[in-house]
Amino acid sequence: MKQETEQVERQFSAEVRPQQASLKPAIANPLPLGLLSFATGLFLVCVLDLNARSITTPNIVVGVLIFFGGFAAFNFSYAMIFLPGTGIMAAYTDAETGELRAEFHQALAMYLIAWFILTVIFTIRQSGRPGFCLRTSSSWIFAFSSWPVVIWRAARGFSKPGTRWAWL
């Protein structure tokens, strides 16, 4: 009788209190990346709509809007600017001379400034992790700290007329 009572109690308790699912921590939260990709694309669209630095052709934003979403987003979106099939550089080329207009370099500078802002946010977030100094290698710290500097220098180099490779 005692065994039957214990068995009924186990069944009853299992029905009343279902087993709790194991709560494993998520690997990553995709929300910040999605919000930052939207904000970066929107920033570029707004800046180009305002004709900042006399930019009237907004084609430079196409790569960011298509390829944003991961670590290779900068590489893919930057490469897309220079691929002939996309027509981005063709939009900035003078039809009579075949030369790139100065507007292209200004648009490229604005594109790089948007990526600079984004990498600074990533760097701040990376350095704000609990135990950052204890769990991160020195090469990772160097990469996160130097990448915004490189992008900023590239943006400054493209924004000055006649100094296309001044950032090197």
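Select His105 in this predicted model: His105 sits in helix α6, which spans residues 102–127. With a relative accessibility of 18%, His105 counts as buried, because the cut-off for that class is under 20%. Next, add Ala155 to the selection. Its C-alpha atom and that of His105 are separated by 9.0 Å, although the two residues are 50 apart along the chain.

Keep helix α6 displayed and turn to the nonpolar core. The largest such core has 30 residues, and those with the most contacts inside it include Leu108, Tyr111, Leu112 and Trp115, together with Ile60 and Ile81. Colour helices α2 (30–49), α4, α6 and α8 (138–159), the elements that each give two or more residues to this core. Helix α6 provides the largest share, 11 residues.

Centre the view on Ile81. Beyond its neighbours within four places in sequence, Ile81 is in contact with Ile60, Thr86, Ile88, Met89, Phe104, Leu108 and Tyr111.

Now show the aromatic side chains. The structure holds 8 aromatic pairs. In one of them, Phe74 and Tyr78, the ring centres are 5.5 Å apart and the planes meet at 20°, so this pair is stacked. Both residues belong to helix α4 (residues 73–82), where a spacing of 4 residues separates them by about one helical turn. Phe74, at 13% relative accessibility, counts as buried, whereas Tyr78, at 23%, counts as partly exposed.

Finally, extend the selection from this pair. Which residues do ring pairs link into a cluster? The members are Phe74, Tyr78, Phe82, Tyr92, Phe104, Tyr111 and Trp115. Of these, Tyr111 and Trp115 were already selected among the core residues with the most contacts.

Terms used. Residues are numbered from 1 along each chain as its sequence is written. This is a predicted model: local features need pLDDT of at least 70, side-chain atom pairs count only at pLDDT 80 or more; totals for chains, interfaces and linings use all residues. Side-chain values use heavy atoms; hydrogens and water are left out. Rings of Phe, Tyr and Trp (its six-membered ring) pair if their centres lie within 6.5 Å; planes under 30 degrees apart count as stacked, over 60 as edge-to-face and the rest as tilted. Buried means under 20% relative accessible area, exposed over 50%, partly exposed in between (1.4 Å probe, protein chains only). A nonpolar core is a set of buried Ala, Val, Leu, Ile, Met, Phe, Trp, Tyr and Cys residues joined through side-chain atoms within 4.5 Å. Contact means heavy atoms within 4.5 Å.
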